Amino acid sequence: LKRYVILRSEGVCEACKQAAPFETKSGPFLECHHLHRVADGGPDHPQNVVALCPNCHRRAHYARDHVEFNERLKKVALEKEA
């Protein structure tokens with residue numbers, strides 16, 4: 001799933017639309033973020049995962065606007081998988 005989502009992103013953060021901060025041996029460095037935690041019953045499915053740069057990934061977890069930010073990301077994932 002991780003490989004699929006990062007390939008889907010084409011090396012661009014699906015939140016801020018900036019290129020991955022650097023390349024690794026296996027491709028662009030982006031982190032996968034589950035929109036509904038698997039531990040809470042969320043599916044391990046592409047419609048529930050986005051590829052984020054490290055800054056946006058931290059925003060999705062810790063920012064004051066994390067709830068609204070994650071709602072926007074849900075729409076991004078659904079559009080990508082439509």
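**Exercise 1. Two sides of helix 1**

Which residues are exposed on the other side of helix 1, away from its buried residues? Work out both sides of the helix.

*Solution.* First, the ground rules. The model is predicted, so local features need pLDDT of at least 70, side-chain atom pairs count only at pLDDT 80 or more, and totals for chains, interfaces and linings use all residues. Residues are numbered from 1 along each chain as its sequence is written, and side-chain values use heavy atoms, with hydrogens and water left out.

Step 1. Fix the terms. Helices (H or I, at least four residues) and strands (E, at least two) are DSSP runs, numbered from the N terminus. Buried means under 20% relative accessible area, exposed over 50%, and partly exposed in between (1.4 Å probe, protein chains only).

Step 2. List the buried residues. In helix 1 they are V5, I6, R8 and S9. They share one side of helix 1, because they cover an arc of only 155° around the axis. The arc is taken over the directions from the helix axis to the C-beta atoms.

Step 3. Recall the helix geometry. An α-helix has 3.6 residues a turn, so residues three or four places apart point the same way.

Step 4. Turn to the other side. R3 and L7 are exposed there.

Step 5. Find the packing partners. The buried residues of helix 1 pack against strand 2, strand 3 (31–34), strand 4 (49–52) and helix 3. Contact means heavy atoms within 4.5 Å.

**Exercise 2. The largest pocket**

Describe the largest pocket: its volume, its lining and the source of that lining.

*Solution.* Step 1. Define the pocket. On a 1 Å grid over the protein atoms alone, a pocket is an open set of points where a 1.4 Å probe fits, with protein on both sides within 12 Å along at least five of seven lines; lining residues have an atom within 4 Å of a point.

Step 2. Get the volume. The largest pocket holds about 270 Å³ of space. Grid points are joined across faces, edges and corners, and the volume is the space filled by probe spheres set on the points.

Step 3. Name the lining. It consists of K2, R3, I6, L7, T24, S26, G27, P28, F29 and L30.

Step 4. Trace the elements. Helix 1 (2–9) and strand 2 (27–28) each supply at least two lining residues. Helix 1 gives the largest share, 4 residues.

Step 5. Sort by class. The lining has 5 nonpolar, 3 polar and 2 charged residues. Ala, Val, Leu, Ile, Met, Phe, Trp, Tyr, Cys and Pro count as nonpolar; Asp, Glu, Lys and Arg count as charged; the others, Gly among them, are polar.

**Exercise 3. Positive phi after helix 1**

Where do E10 and K17 lie, and what are their phi values?

*Solution.* Step 1. Start with the rule. Most residues other than glycine have a negative phi.

Step 2. Take E10. E10 follows helix 1, with a positive phi near 55°. This residue lies in the loop between helix 1 and strand 1 (23–24). E10 counts as exposed because its relative accessibility is 71%.

Step 3. Take K17. Its phi is also positive, near 65°. K17 is in the loop between helix 1 and strand 1.

**Exercise 4. Helix 2 and two buried polar contacts**

Find the buried face of helix 2, then follow the side-chain contacts of E31 and N70.

*Solution.* Step 1. Split helix 2 (residues 54–62). C56, H57 and A60 are buried. They line one face, because they fall within an arc of 105° seen down the axis. The face turned away carries the exposed residues N55 and Y62.

Step 2. Find the cover. Strand 3, strand 4 and helix 3 are among the elements over the buried residues of helix 2.

Step 3. Go to E31, in strand 3. E31 counts as buried, at 15% relative accessibility. Its side chain makes a polar contact of 3.1 Å with that of R58. A polar contact is a pair of N or O atoms within 3.5 Å; within protein, one must be able to donate a hydrogen and the other to accept it, and residues adjacent in sequence count only if both atoms are side-chain atoms. Beyond four places in sequence, E31 is in contact with V50, A51, L52, P54, H57 and R58.

Step 4. Go to N70, in helix 3 (residues 66–81). N70 is buried, with a relative accessible area of 10%. A 2.7 Å polar contact joins its side chain to that of H33. Beyond four places in sequence, N70 is in contact with H33, L35 and A60.
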